[in-house]
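Dear colleague,

Please find below the structure that I am handing over to you. A summary of the findings follows it.

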Amino acid sequence: MTPGQAQIIKLTFAQVMRDKDAVGRLFYDRLFTIAPEVKPLFKGDIAEQSRKLMDTLALAVGMLRDMPTLVITLEGLARRHVGYGVKDEHYDKVGEALLWTLEKGLGDAFTAQVRDAWTALYLAVAQIMRDAAKGKVAAVA
Ligand code: HEM
């Protein structure tokens with residue numbers, strides 16, 4: 001991810017977060033439409049859950065300049081996700097729902113550059129989490 005992309009993410013993130021709860025609801029509605037099989041994995045309050053996801057992404061944006069700390073945070077998160085029943089293939093669905101939500105939330109501001117920047121962030125975060133999840137399976141086996 002380039003410094004320009006990190007900047008784009010910070011600006012557009014601030015924009016969508018003005019209506020955090022609505023964005024969270026939009027995201028989960030979309031996710032459960034394209035991946036209904038993941039709905040039973042969510043036991044807690046969805047509004048609260050939406051905030052956690054968005055807050056973690058915000059944290060990731062803030063930590064882009066401190067990759068070692070970001071990786072440690074995401075590895076712990078990934079291990080907990082294995083416990084929630086999250087599978088490797090679910091990461092693509094979550095990424096798809098996230099980009100769709102940003103497109104709806106940003107409207108005309110969702111340019112190709114914005115799409116590319118968020119895609120790069122999500123792929124990087126998801127890759128770290130997917131690898132850590134596999135590491136856990138290998139360690140246990
Ligand atoms: C970039 C990827 C993701 C981020 C940043 C993220 C973030 C979070 C955070 C912060 C929590 C709160 C609990 C904790 O800290 O352990 C959480 C819980 C959870 N996440 Fe994720 N998540 C991601 C991907 C996914 C994917 C791909 C799934 C698959 C459907 C998923 C399903 C869940 C579930 C089921 C919970 C527990 C909810 C509950 O207890 O009701 N997450 N996630």
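Among contacts in the protein between residues at least 6 apart in sequence, what percentage join residues at least 24 apart? The figure is 82%. Please bear in mind throughout that this is a predicted model.

Overall architecture

The protein has six helices and zero strands, and its pattern along the sequence reads α-α-α-α-α-α. Its radius of gyration is 15 Å, close to the 14 Å that the globule rule gives for 141 residues, so the protein is as compact as a globular protein of that length. Measured out along the principal axes is a box of roughly 50 × 35 × 20 Å, which the C-alpha atoms fill. Buried residues account for 21% of the 141 residues.

Confidence

The average pLDDT of the protein is 88, and 96% of the residues score at least 70. By helix, confidence is lowest in H3, with a mean of 78, and highest in H5, with 95. I would draw your attention to residues 137–141: pLDDT stays under 50 there, and the model has zero contacts beyond four places in sequence for this stretch.

The surroundings of the ligand

There are 21 residues around the ligand, and those that come nearest are Leu41, Gly44, Arg80, His90 and Val94. By character, the shell divides into 13 nonpolar, five polar and three charged residues. Helix H3 (46–62), helix H4 (67–84), helix H5 (90–106) and helix H6 (112–140) each contribute at least two residues to this shell. Which helix gives the most to the shell? That is H3, with five residues. H3 is also the helix in which confidence is lowest.

The nonpolar core

The largest nonpolar core comprises 24 residues, and Ala117, Trp118, Leu121, Val125 and Met129 have the most contacts inside it. Two or more residues of this core come from each of helix H1 (3–16), helix H2 (20–34), H3, H4, H5 and H6. The greatest contribution is that of H6, with nine residues.

Two residues of this core may be described further. Met129 touches Leu74, Leu77, Ala78, His81 and Tyr91, when residues up to four places away in sequence are not counted. Val125, for its part, is found in helix H6. Is Val125 buried or exposed? Val125 is buried, because 21 other C-beta atoms lie within 10 Å, and the threshold for a buried residue is 20 or more. Leaving aside neighbours within four places in sequence, Val125 is in contact with Ala60 and Leu74. Leu74 is thus named among the contacts of Met129 and also among those of Val125. In addition, the C-alpha atoms of Val125 and Leu57 are separated by 8.7 Å, although these residues are 68 residues apart along the chain.

An exposed position

Thr69, found in helix H4, offers a contrast to Val125. Thr69 counts as exposed because it has 11 C-beta neighbours inside 10 Å, and a residue is exposed at 12 or fewer. Thr69 and His90 are 21 residues apart in sequence, and their C-alpha atoms are 24 Å apart in space. His90 is one of the residues that come nearest to the ligand.

With kind regards

Terms used: Residues are numbered from 1 along each chain as its sequence is written. This is a predicted model: local features need pLDDT of at least 70, side-chain atom pairs count only at pLDDT 80 or more; totals for chains, interfaces and linings use all residues. Helices (H or I, at least four residues) and strands (E, at least two) are DSSP runs, numbered from the N terminus. The radius of gyration is taken over C-alpha atoms; the globule rule is 2.2 Å times the number of residues to the power 0.38. Two residues are in contact if their C-beta atoms, placed from the backbone, lie within 7 Å. A residue is near a molecule or strand if its C-beta atom, placed from the backbone, lies within 6 Å of it. Ala, Val, Leu, Ile, Met, Phe, Trp, Tyr, Cys and Pro count as nonpolar, Asp, Glu, Lys and Arg as charged, and the others, Gly among them, as polar. A nonpolar core is a set of buried Ala, Val, Leu, Ile, Met, Phe, Trp, Tyr and Cys residues joined through C-beta atoms within 7 Å. pLDDT is the predictor's confidence in each residue, from 0 to 100.
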